[in-house]
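Biologist: Before I rely on any label attached to a model, I would like to hear what each label rests on. Could you show me the model and then take my questions in turn?

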Protein chains: 2
Amino acid sequence: MTLNTAAVTVDLVLLTIRQGELQVLLIRRGIPPFEGRWALPGGFVLPAEDLDAAAARELREETGLDPSSGHFEQLATYGAPGRDPRGRVVTVAYLALLPDLPAPVAGSDAAGAEWRPAFATGELAFDHGRILADGIERARAKLEYSPLATAFCPPSFTIAELRAVYETVWRTTLDPRNFHRKVTGAENFIEPTGETAIRDRGRPAQLYRRGTATLLHPPLLRP
Amino acid sequence: MTLNTAAVTVDLVLLTIRQGELQVLLIRRGIPPFEGRWALPGGFVLPAEDLDAAAARELREETGLDPSSGHFEQLATYGAPGRDPRGRVVTVAYLALLPDLPAPVAGSDAAGAEWRPAFATGELAFDHGRILADGIERARAKLEYSPLATAFCPPSFTIAELRAVYETVWRTTLDPRNFHRKVTGAENFIEPTGETAIRDRGRPAQLYRRGTATLLHPPLLRP
DNA sequence: GCTATTATCGTCAACATGACGCTAAACACG
DNA sequence: CGTGTTTAGCGTCATGTTGACGATAATAGC
């Protein structure tokens, strides 16, 4: 059973927006290989476990969160022969977009898990740098055509907060008036809760919740 | 080495347009399980082989084609515990969009490989029905925002032939005049070769080749 | 009050879109 | 040769979307 078999793992690209920047959950490795380096959280797929289930289990173990808290999808699979010096390991990467947690990394069983700036992680262990880059690019692209930006937001949010998500992930600035027109005009993207909230300074803003759309029409294209 | 290991295979969703319809390359299984059923071509990943390389090798074995002949990308990975009754098999699916081959399935080592209508395959072996459906949906979506429709075309083609690709994959009809305006207006999508060709009846058409664009701007949205 | 700040609405020109008319260039047929 | 048929390619028009940006509303701080 050694021919043509490989260890199968799942690795997670968990993205959130904290402190006004895109951050990713990383774990500092305590053992070789890559001892002391940051790595994506992950682990083995159990013998009778589906891939999605393994990724969901890892998500719970690392963050205490449920996959339904934000957005969760398979990203891609990486299996270059030399990617793990210990042997043949094929990893199925998952991407999750999560709201900023009130209780950060509660119940994590992985000591040393930390939210780190996604655009300045330094060199990661294994091929995790590439996996992270692929995850960020997927997230950026999905914000254009899907309502997934709301996955970064709490259940109710202002349009300015939603705009901040786009600006943070895309690393750009957007005109507040045009953005307001587009997101309120897109079918079932967001719906008003009826309440208003004062966030920082200035006029109070309407609160919105996610709408029912799964595709954004019309889309919000990157400038 | 039985704990946490699995056999890793690649399966191919090879799409082409033949006889005016979207077709997929399938293989009739000669042995159990699923004996007699149609299945996607695929095979084991060799011990020292990258996933992309394994998929490219299978493509060559089945069709004699190079991945650069059309478009080639990883689709998704499937690893439900019961998907193969013989044991734990995780499969990495690849999607290829290919031009109609002048020499169909030349050099195929898989007896019983055939191009079959992609929208009417009947029940496939394993979870290949789902993999095929995912592949078709990916292809449909990619035609909107990328110039990949040209992957179905020979090196030089008319705008009507390109339109037939969209109409076949999307199962719809498009206005020839608006389509002409959009594809010629999209930046670097296609460039004229300078030659003209008479295809069937009517006025001769300009011939075009693929342009350099990797993203379609503006996109061609499904009606 | 007055000012700074943010939210929301409105205006306008440029561009994209769908529906569809019109002419051009080939062939087939009598 | 002339006429009809077919497809290619251009043009028009009403409508919708976009980016740039003006104007007003509602709050806090002073």
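Modeller: What follows is a set of questions about a predicted model, each answered from its values.

Biologist: How do you know that chain A and chain B are related by a two-fold axis?

Modeller: Chain B can be laid on chain A by a turn of 180° with a shift of 0.0 Å along the axis, and the RMSD is then 0.0 Å. That is the relation of a two-fold axis, and the contact residues agree with the copies using the same surface, since 100% of those of chain B recur in chain A.

Biologist: Why is α3(B) called roughly perpendicular to α4(B)?

Modeller: Two packed helices are described by the angle between their axes and the distance between the axes. Here the axes of α3(B) and α4(B) come within 10 Å and cross at roughly 100°. Angles of 65 to 115 degrees count as roughly perpendicular, and therefore α3(B) is given that name relative to α4(B).

Biologist: Which residues make the contact of α3(B) with α4(B)?

Modeller: From α3(B) come B:Ile159, B:Leu162, B:Arg163 and B:Tyr166, and they meet B:Pro176, B:Phe179, B:His180, B:Val183 and B:Thr184 of α4(B). By class, this contact holds 6 nonpolar, 2 polar and 1 charged residues.

Biologist: What makes A:Arg181 a polar contact of DNA strand D?

Modeller: An N or O atom in the side chain of A:Arg181 is 2.7 Å from a base nitrogen of DNA strand D, and a polar contact requires a pair of N or O atoms within 3.5 Å, so the pair qualifies. The side chain of A:Arg203, with an N or O atom 3.4 Å from a base nitrogen of that strand, also falls within the 3.5 Å limit. For B:Gln206 the partner is a phosphate oxygen of DNA strand D, 2.8 Å from a polar backbone atom.

Biologist: Which elements give two or more residues to the surface near DNA strand D?

Modeller: They are α4 of chain A, and α3, α4 and β9 of chain B; of these, α4(A) gives the most, with 4 residues. The strand has 22 residues around it, and A:Arg177, A:Asn178, A:Arg181, B:Arg177 and B:Gln206 come nearest. Of the atoms of DNA strand D that come within 4 Å of the protein, sugar and phosphate account for 55%. The surface residues divide into 7 nonpolar, 5 polar and 10 charged.

Biologist: How do you know that B:Asn178 and B:Arg203 are in polar contact with bases of DNA strand C?

Modeller: A polar side-chain atom of B:Asn178 lies 2.9 Å from a base nitrogen of DNA strand C, and one of B:Arg203 lies 3.4 Å from a base nitrogen, so both pairs meet the limit of 3.5 Å. A:Arg201, by its side chain, lies 2.9 Å from a phosphate oxygen of DNA strand C. The largest share of the surface near this strand, 4 residues, comes from α4(B).

Biologist: What makes the backbone at A:Pro33 and at A:Phe126 worth a remark?

Modeller: Most residues other than glycine have a negative phi, and most peptide bonds are trans. The bond joining A:Pro32 and A:Pro33 is cis, with omega about -5°, and A:Pro33 lies in the loop between β2 and β3 of chain A. A:Phe126, in the loop between β7 and α2 of chain A, has a positive phi near 50°.

Note on methods: Residues numbered from 1 in each chain as written. Chains lettered and ligands numbered in written order. Predicted model: local features only at pLDDT ≥ 70, side-chain atom pairs only at ≥ 80, totals over all residues. Heavy atoms only, no water. Near = heavy atom within 4 Å. Polar contact = N/O pair within 3.5 Å; in protein donor to acceptor, adjacent residues only side chain to side chain. Nonpolar A, V, L, I, M, F, W, Y, C, P; charged D, E, K, R; others polar. Axes fitted to C-alpha atoms, helices over the stretch in contact; angles between N-to-C directions. Parallel < 35°, antiparallel > 145°, perpendicular 65-115°, else oblique. Contact = heavy atoms within 4.5 Å. Least-squares fit on C-alpha atoms with pLDDT ≥ 70 in both.
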